[in-house]
Amino acid sequence: MLKDQAMSVVFDGSPLKAMQSSHTHSPHTAPSAQELSQEIKSFISGVDTVQGRKLSVREHARCAVRLLRSVPACRGAVLEHLRGVYDEHVSAFLHNLETEGNGGSGVSSNLEDIIQEVHGVLSEFIRLNPRAWAPLVSSWAVDLLGQLSSKHAGRRVAPHSSSLNELLQLWMSCAATRSLMEAYSQCLAAMLAWCPDACVDALLDTSVQHSPHFDWVVAHIGSAFPGTIISRVLACGLKDFCSHGAKDQGLMVMGLEKGNRVPKIGSVVGILGHLAAHHSDSIRKELLRMFQESLSPSSPLSPTSSSTSWESSPQLRRAAVPFLLQLAAMSPNLFGAVSAELVELLRPPVLLQLQALLQGLPREELDNMLGLAVHLISQSPSGGARVLRFLADTATPASVIISGPTPSPHEGVREGCDRLLQMLLLHLHKLVFNRSDGVEGNPHHSASSQPQRVILFLEELQSHVGELCAETLRLERKRHLWLHQLLCLLSIYGGPSVATEALCQLLTQARNPEELALAWQLHTTLSSCMAGLIPTAVTRCVAQIHTHTLGPRQLRQLLLNLAAAIQSQDEERRGSASAQSSMATQLGSAVSVHLHDFGPLLLHGDPAVSHATVRLLSCSPLPRTFCPAHLLLLSRAAVTHFFQALRRRGEAGKAVLQQLVEGALHKGNTDLFGGQIADMSGAPVPSPSVTPDVGASLLDINCRFGTTVNFSGSVWSVFHAGVIGKGLKVRSDIQLPDPSGVIQNIQTILAVVVQCCSSSGLNGSMNGSRPASDPDEPLPINAEAAKVVAITLVESVCPDVANGELSWPPEEHARTTVERDIHIRRWFEAHPVIFPLLQVVAAGRPALCYCSAVLRGLLATLLAHWEASREMSSTDSPWHLQASCLLVSCMGEGQLLPPVLANVHEAFPHLTPFEVRLLLLAVWEYVRGNGPMPQKFVFSSEKGLFCRDFSRDGDVARYVAPIHSVLHKNIDRLGHLCWRFQL
């Protein structure tokens, strides 16, 4: 075979001339034809033709070198023979190392000088005629390196293939392999200018055949020629990918099988992987350049590009993006290196070019590419947060305002990103819920014995939970749904720690009920697979408070959100049980355990934080057992905060007043002030604390008046006084509280409210208010503070009353608001503390004007009662008599009535119901004619109060006429009161 090969290359005409031209420069004397003939015969037969003996290995090698010098046309046969020489040298070299002998002496005396001589000859030929010798020598050298690396990989002294540094050090210390490496490097350097693909193709083919034992060669060559190897390896890999993936002039992108249809792509991945350690920046730039060049419709070739460059081929340009996707799928490190900058490159113009490129692909191929992209994103080790933001921004509909300079994408691009994001969420959902299937299937294997699959995308997002929650809370259409779904998957994947952090972030960052509802939705999703999430979240929040992790604004928002969540328990008690109310119950129980941790926040330096703490503590349930030390700590903090609030000016004092009034009127505190909870029909309802929770009743909900549509003032107004066939509703007997305790509680709440409303407690210098000169004289009530109490009363008693409803209509028009008026009267019946609070408001003129709607509603029901009453004396209706007296007294104190009308309540106990109605009707007519407007009050510097000049309201005599008539009729009983009604 060697003879035939040698003769074929000898009589190859054209190369022979080139070789002979190079031979003329040899320093050796040209042998004669007879000598050449004998050399060829000796080389072919392996026998010395002169002496007739067999040639030794060294002598045979010498003969081959002489032929290589003298007859270059024999290069093929000579190089094939030299393979054995190099193999012999490598075997001896490794054997010497294994026996720990003198590795250099025995080998150098036999073959090392031959190898050096061969290297010199080849190097000279390559230098003089690279076009003829470089392709041949490069293929021979790299193939021989691959064979030697694979053959001797199992030797004892050969390091493992993964130890590239040790392997490279071993082979480069061997003269044979070092000579081959230098020869290949010289060929590659010579071929860069005119034919680099052939040299790189040989490297790729050998890498595919002999990997991983050949990796040290790739690493060394790549380090010597990083720019060339990277670009040419990618180009050769793209050509091979396209040739294996082309069918009917269309691209057929391969699946996830590594190397079935594209044999060289595995070698490309291996080579780039070796070079990434020291040349990652060059690899990243080349990958991005290939991506950009593939999208450009037509770009001129660079000066260094050849006519065979892939940029000049439309087919290769269309295959570049699928090739890069497959390359990234096989090497996550490569994808991680370019993903960050790739996202920055994907601007609207580039996205439009990418869309135009993908539009021509078949549907099946496009689906494969999208699936591959989803796989890449889910297994991306870094840059996941940036990729997610890009997808969410691009997929967000154009009608949504996106923060930042990102322009609105094209509709086709938006739909593509929308589809990609949906596929990503579905893929992540499958990965999260299917990653532990094997554990449940085998009960003998514990969860620790079978590690769960790692999802790199979610692993990277675990450090961005706060940012993800902030983006979710923006409540942008579609966008917040995607992010909330991803937040749920991330919480399930990360376990209780990530779920707790996500819930805490939502509770801290939510700014309104709509945003806070996302926390309830997250808890609803996670509660099915995680137990005790709420207590753990509250404990984490408390830990953040102790470590001062939260700023004042975040701390205030957290406390307000916790309070709002606990207050939603009222929805559950009203019958609208939901996931939110269930979570509120759990949250209330969890917060009650940490009341002593929230208590010190009452003394926080920021008034907003202390006010938020008051709201949280006021609505939090008390624990069943309270440690005395904790109770003492909480009590001291509350008392200290109360006095600090009294000393503060502005919103803090107003907030205290508001909380006091709302707390006094809360249905849970009704029994403290002698009242009772009543339903819409007036029937008393037992306290929730003593009534067992039997769940929501649909019949009760349907029978409630508040759940029906409000048709106020129409003929369709319905009052649930009973059930047809069963008669009127039976009022249950409720045990009345201790009168002495009720009086003491009312005095206590009034003392606190008066102290807060006094000029020394709130806005002392406002409106010219002055403190009382006599310590025993009651403190003057501040007008602004009284206004806060008035507005809070109106909002609690009748929330649907508008703030501008100050004027009074004619008495006959009161029937249009009869339902609201009855509701107001029932509030007065159920909450006796309202009248004392109204007296405080009346003392802070003109604050009572803002209670006009409540006063009008109560007076309307009293007029209706006295008109319908058929009793002989007003004393037969004790509550209505007392309410009428207190109402007129308050209106007189607040100067809504002149003194002559403000005294009529003194005559009420001596009159009949009809006469009481006449006097109350006179009161109504006066207020209607002289509206209770704050503008009618003028500040008196002498008294330090606002006063009303009734002389400006016109003649009062026409309103007093009914009073005088009643006095004359009952002169025997009311004679001693006549002086009180003189004009």
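**A walk through a helix-rich chain**

Let's start with a hollow: sorted by class, the residues lining the second largest pocket are 29 nonpolar, 5 polar and 2 charged. Keep in mind as we go that this is a predicted model.

How big is that pocket, and who sits around it? Its volume is about 1000 Å³. There are 36 residues in the lining, and the ones nearest the centre of the pocket are Leu-346, Leu-354, Leu-358, Ala-373 and Leu-420. If you want to find the walls in the 3D view, look for the elements that each give two or more residues: helices H13 (265–295), H14 (314–330), H15 (332–345), H16 (348–359), H17 (363–378), H18 (384–395) and H19 (411–434). H19 makes the largest contribution to the lining, with 7 residues.

Now step back to the whole chain. You'll count 44 helices and 6 strands. Of its 983 residues, 47% count as buried. Take the contacts between residues at least 6 apart in sequence: 74% of these join residues at least 24 apart.

Next, the packed interior. In soluble globular proteins, nonpolar side chains tend to end up buried together. Here, the largest nonpolar core has 182 residues, and Tyr-86, Leu-327 and Leu-458 have the most contacts inside it. The helix that gives the most to this core is H13, with 12 residues. You've met H13 already, as one of the helices lining the pocket.

Which residues does Leu-327 touch, once you ignore those up to four places away in sequence? The list is Leu-234, Ile-265, Val-268, Val-269, Leu-272, Leu-287 and Leu-334. There is also a second, separate core of 86 residues, which includes Leu-657, Phe-908, Phe-937 and Phe-981.

Hold on to Phe-908, as it leads us to our last stop, Ser-874. You'll find Ser-874 in the loop between helix H39 (852–868) and helix H40 (878–893). Is Ser-874 buried or exposed? Ser-874 counts as buried because its relative accessibility is 0%, and the cut-off for buried is under 20%.

What does the side chain of Ser-874 reach at 2.7 Å? That partner is the backbone oxygen of Phe-908. Phe-908 isn't alone, either: leaving aside neighbours within four places in sequence, Ser-874 is also in contact with Trp-866, Leu-881, Pro-909, Leu-911, Thr-912, Pro-913 and Val-916. So in this one spot you can see a buried serine whose side chain reaches the backbone of Phe-908, a residue of the second core.

Note on methods
Residues are numbered from 1 along each chain as its sequence is written. This is a predicted model: local features need pLDDT of at least 70, side-chain atom pairs count only at pLDDT 80 or more; totals for chains, interfaces and linings use all residues. Side-chain values use heavy atoms; hydrogens and water are left out. On a 1 Å grid over the protein atoms alone, a cavity is a set of points where a 1.4 Å probe fits but cannot get out, and a pocket is an open set with protein on both sides within 12 Å along at least five of seven lines; lining residues have an atom within 4 Å of a point. Grid points are joined across faces, edges and corners, and a volume is the space filled by probe spheres set on the points. Helices (H or I, at least four residues) and strands (E, at least two) are DSSP runs, numbered from the N terminus. Ala, Val, Leu, Ile, Met, Phe, Trp, Tyr, Cys and Pro count as nonpolar, Asp, Glu, Lys and Arg as charged, and the others, Gly among them, as polar. A nonpolar core is a set of buried Ala, Val, Leu, Ile, Met, Phe, Trp, Tyr and Cys residues joined through side-chain atoms within 4.5 Å. Buried means under 20% relative accessible area, exposed over 50%, partly exposed in between (1.4 Å probe, protein chains only). Contact means heavy atoms within 4.5 Å. A polar contact is a pair of N or O atoms within 3.5 Å; within protein, one must be able to donate a hydrogen and the other to accept it, and residues adjacent in sequence count only if both atoms are side-chain atoms.
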